Structure formats: C-alpha cells, structure tokens
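Visitor: I've got a model open and I'd like to learn how to read it. Could you walk me through it, one feature at a time?

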Amino acid sequence: MQKAKIIADPDFIIGQVDPRLYGSFIEHLGRAVYGGIYDPGHPTADEKGFRQDIIEVVREMGVTIVRYPGGNFVSGYNWLDGVGPKERRPKRLDLAWKSLETNQVGTDEFCEWSRRAGTEVNMAVNLGTAGIDEARNLVEYCNHPSGSYYSDMRIANGYPDTHKIKTWCLGNEMDGPWQLGHKTADEYGRLAAETAIAMKWVDPSIELVACGSSNAKMPTFGSWEATVLDHVYQYVDYLSLHQYYNKEANDLGSFLAQTMLMDNFIQSVVSICDYVRAKKKVSKKLYLSFDEWNVWYQNDFDKTIMRETPWQVAPPLYEAPYTMEDALVVGLMLITLLRNADRVKIACMAQLVNTIAPISTVTGGGFWRQTIYYPFMHTARFGQGKVLNLQIHSPMYSNRLFDAVPVLDGVAVLNEDAEELTIFAVNRSQEEALLLEGDLRGVGDYRVIEHIIMENPDPMARNTMDNSSNVLPHSGGDAELSNGRLTANLPLLSWNVIRMGKIAR
Ligand code: AHR
C-alpha cells in the first residue's frame, strides 16, 4: 500500500476561515428559483411560496451566503421589475437564458427567503445594461432605514426593516463577450469605480466585489485584472474569480488534478492584486471572492430548449446529475479554497438548487441531495476556524496536465472554540488505498471523534430521486490518533473527513 505523511502544528497557520467561504449562488436561471426554492403550489410551501423542505436542506448544508440574482441574468435585469405588488410586475424576456422572467420573486422575496434559510445575501448589481443610478438606488432600497424615496418604497412594499446587505458584486463576468453589455477592462473599470463610490456614499458599511476574469483561460486574463484594479483598487474590497471544471476525454486522473490549476489561478490573482498595491503605494490589501465555482459539464448540455423553444418560464436548464468522481473534485476544490483562506474570503458554489446544483427538486414533488452536496456540507460544518499550514509528503502520479500530482491532497482546520481539529483529505489514486500517517504532536491531547468516508466502487455512481441514497458518506473509517501519531486508511478515490477533539481531563 502507498503511504503519505502529513505534519500539522497549530503554531503554523495559513489564516482564519471567513464563514462566507461556504457561500452559494441562486440565479434566475432554469428552475433554480421557480420550481426550486419557490413553488407556491408545493405541499411544504410557506405563506410566501417558499418550499420549507428546501429551506431545511439548505440549512443542513450549512450555506452562509447566497449570491443573487445572477450570473449572466443580472446584466439585463431591472430590479424595479421585481418589487411591489406581484400582479403589477412585468414579464420580461431574459436574454441571457432565452427564458421568460415573471418577476414573481425579486429582491424582497429573495432577502426574505435568505432570512428563513439562515444565510446572508451577496447582491449583484447590473453593470451590463444598467449603471450607477440603478445600483445606488438598490443600495438605498435595501439598506437605508427610511425617509427617502427608495427606502420608503421598501417600507410600502411590506418590509419595514432594512435588508442589511453587506456584500455586493459590481456586475458579473463583464470580460465575457457572451455578457449583455460586455465591456473592455477600461470601460468596466471606470464604471465599476464610479458605481462603487456612489454605492458606498449611500451606505459606507457595504463591501464590494469587482469582476475579475470569467475563468483562467480567458484571453484577457491577467491584463483584465491589472487594468480593472488600476481603476477600482481603492474603492473595492474583493476581486472575483470564476472557474468550472469537467472531465475531458474520459481522463479521470487529469480531472482530479485540475485543482492544481485552481491553486495557480488563485496565486496569480493574488500576485496581480499585490502588484497593483505596490504600484499604488498603499497598505490596503485586496481579498478574493471566488464567487462561482463547481464542476459543470457545460458543453455536454443540450441547448435545444433555448434554441428551439425559447421564452419559457423556468425551463429545465443545466440539470445534469453529479457522480462520485464529481464529488471528489468538489472536495478538492473546497480543500484548495481552504488552503488559500488567507486571501480567499468569499466563495460561492454555483449554484444551489436544480441548475448545476447540489440540491435537486421535482416541481411540486420531492428533492434529493446530489453527490457534491456532501463535501460541501462537511466542510461548512467542520471547517470553521484556523487553517493550519499542513505539510504533505505524498506519492505522485503523472497525467495529461502535470508530470507530478500528489496522490493525497488535504487540509487541516483547527476550531479553537469547539476544541476540534478536522482533516479533509482526498485520495486521488484510482488503483489503491493510501495509508495516511500524521505527525500531530504539536496539537496536544486529541482523540479521533469520527472518520467519515465517501467512496463508491463505481466512480460514475450518482443519486437520483428514486435512488437518493446511492452515494452517501459513512462513518466507518479507521483513523486512530495516539500520542500525536495519526494513522488512517484512505480508500481509493475517496473523500475523507477525520474529526478529532480534545481529550477532556
Ligand atoms: O452559473 C452559470 C453561469 O456561469 C453564470 O450565469 C455566469 O456568470 C457563468 O458564466
């Protein structure tokens, strides 16, 4: 059996996990909103039309913040269409997804849903077809207490309390030619800076995210960030990154290694932020918001609906099921985000319900948890606290992308309040189990509470409505900790959560 060694010491810390690292995303896309979180005819619907079974499962998943209302959708959205009496709200053509938007859910309803689901809202403003005025008015509508046109409009619409939205995105993927109102880096940078100033004048307590590149392969990646930051550095708090991965050419080894690209992507964006910081001679550090990430088989999706029968209300778009191997990549992406917790403060798995999502529903019927649900739930639940600088000595394998990929990837998070240390680890080997040996002597008197494993003899196994327990984690791992020495068998192609707690004296 292959062996890997890890060393963890609480004196060597990468950074504190911001709870917003466990964010998600709901866009007006497909059945995410209508038929997903909102289904007024559903037996569990509350008086606002929200499915309470979905609110419960979102709470169970541990989602802390939800980005809304897009995505590409936001670049053509007029938020005023979605507030006020529902019978007066216009039906609009959503050009991003060739759908018909009924506006029955808008800003107030979504903020109400978030309160019920126990999450914050990460609100995106339209910088495609709209601009400074719509954005600052929306901040006034959401966050200003009363006595002004838009705050009084919110009150008249039945929401006397402010929505208290702290985190705001200045547009979405403005570097992408597919984006309505697509801009050059200079055009976007100027608009984002002026919009940021106006929004912060309305509410100086808000935090702003500027658009970085839509993915690391964009031809403008690098120069886009540098130019945009030249304009916005002093006015914003975060720069965004987006990235989706999928398996290509049936090559699982390379698919599992793509998180090394994600790590490089984060490091490159950090370097650009720090370059602009140095150039501007300021002490302010910029942080990252990885506000779209997931596995997504975007090119495999049949776009017939959008092409041949457009302008439907909530058509089923991008509802592909997720496999065991997709769950491993999601676990590896979470490990990568945690390892960069010193700079990545916000992250949003894209998305939450039905559309490229960990939760799937039948409109009017049941729901099930996709495989990718579980690594997210484990990290959100047990990955709070300080990320330790874990030393990993692992056997390597090679593949199409890299000559040397560690078979083991992992991260350790110390929760000092709960006196718990958790190791999240993936064995990338397709051939054999891995013996993990850990030197945790610096950690003190800890014992193993639980070793959770997610594995399946079929890497393509998935959950469905009728077989929703096909791929589930179990607590049958054999991790042991004695005198600071950890041992654990990590089955081939497995996601592992080794939970340790302080021994009570
Ligand atoms: O999450 C789906 C889409 O992917 C979003 O609308 C867009 O921002 C990205 O390209």
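**Around the ligand**

Guide: Let's begin with the ligand shell. In this predicted model, the residues around the ligand are Phe25, Glu27, Gly71, Asn72, Trp97, Asn172, Glu173, Tyr244, Glu292, Trp296, Gln351 and Ile356.

Visitor: How many of the shell residues are nonpolar, polar and charged?

Guide: The shell around the ligand splits into five nonpolar, four polar and three charged residues.

Visitor: Which N or O atoms of the protein should I look at for polar contacts with the ligand?

Guide: Here a pair of N or O atoms counts if they are within 3.5 Å. Start with glutamate 173: an N or O atom in its side chain is 2.7 Å from a ligand oxygen. For asparagine 72, look at the backbone instead, where a polar atom sits 2.9 Å from an oxygen of the ligand. Then there's glutamine 351, with a side-chain N or O atom 3.0 Å from a ligand oxygen.

Visitor: What share of the ligand's exposed area does the protein bury?

Guide: Compare the ligand alone with the ligand in place. On its own it exposes 280 Å², and the protein buries 96% of that.

**Pockets**

Visitor: Which pocket does the ligand take up?

Guide: The ligand occupies the largest pocket, which holds about 950 Å³ of space.

Visitor: Which residues should I click on to find the middle of the largest pocket?

Guide: Its lining has 39 residues, and Ser214, Asn215, Tyr244, Trp296 and Gln298 lie nearest the centre. As for elements, β10 (238–245) and α7 (252–280) are the ones that give two or more residues to this lining. The largest share, six residues, comes from α7. By class, the lining of the largest pocket has 16 nonpolar, 14 polar and nine charged residues. Tyr244 and Trp296 also turn up in the ligand shell.

Visitor: And what about the second largest pocket, what is its volume?

Guide: That one comes to about 200 Å³. It is lined by 16 residues, with Asp263, Arg339, Ile392, Pro406 and Asp409 closest to its centre. Keep α7 in view, since at least two lining residues of the second largest pocket come from it, and likewise from β19 (408–415). The lining of the second largest pocket sorts into eight nonpolar, four polar and four charged residues.

**Backbone oddities**

Visitor: What should I look for in the backbone angles?

Guide: Most residues other than glycine have a negative phi, and most peptide bonds are trans. Exceptions deserve a look.

Visitor: Where are the cis peptide bonds you'd show me?

Guide: One joins glycine 70 and glycine 71, with omega about 15°. Glycine 71 lies in the loop between β4 (65–68) and β5 (92–94), and Gly71 is one of the residues around the ligand. Another runs from alanine 350 to glutamine 351, with omega near 0°. Glutamine 351 is in the loop between β12 (344–350) and β13 (359–361), and that's the residue whose side chain we met 3.0 Å from a ligand oxygen.

Visitor: What is the phi of asparagine 103, positive or negative?

Guide: Positive: phi is near 60°, in a residue other than glycine. You'll find asparagine 103 in the loop between β6 (99–101) and α2 (107–117).

Technical notes. Residues are numbered from 1 along each chain as its sequence is written. This is a predicted model: local features need pLDDT of at least 70, side-chain atom pairs count only at pLDDT 80 or more; totals for chains, interfaces and linings use all residues. Side-chain values use heavy atoms; hydrogens and water are left out. A residue is near a molecule or strand if one of its heavy atoms lies within 4 Å of it. A polar contact is a pair of N or O atoms within 3.5 Å; within protein, one must be able to donate a hydrogen and the other to accept it, and residues adjacent in sequence count only if both atoms are side-chain atoms. Accessible areas come from the Shrake-Rupley method with a 1.4 Å probe; for residues, only the protein chains shown count as cover. On a 1 Å grid over the protein atoms alone, a cavity is a set of points where a 1.4 Å probe fits but cannot get out, and a pocket is an open set with protein on both sides within 12 Å along at least five of seven lines; lining residues have an atom within 4 Å of a point. A molecule sits in a cavity or pocket if more than half of its atoms lie within 2 Å of its grid points. Ala, Val, Leu, Ile, Met, Phe, Trp, Tyr, Cys and Pro count as nonpolar, Asp, Glu, Lys and Arg as charged, and the others, Gly among them, as polar. Grid points are joined across faces, edges and corners, and a volume is the space filled by probe spheres set on the points. Helices (H or I, at least four residues) and strands (E, at least two) are DSSP runs, numbered from the N terminus.
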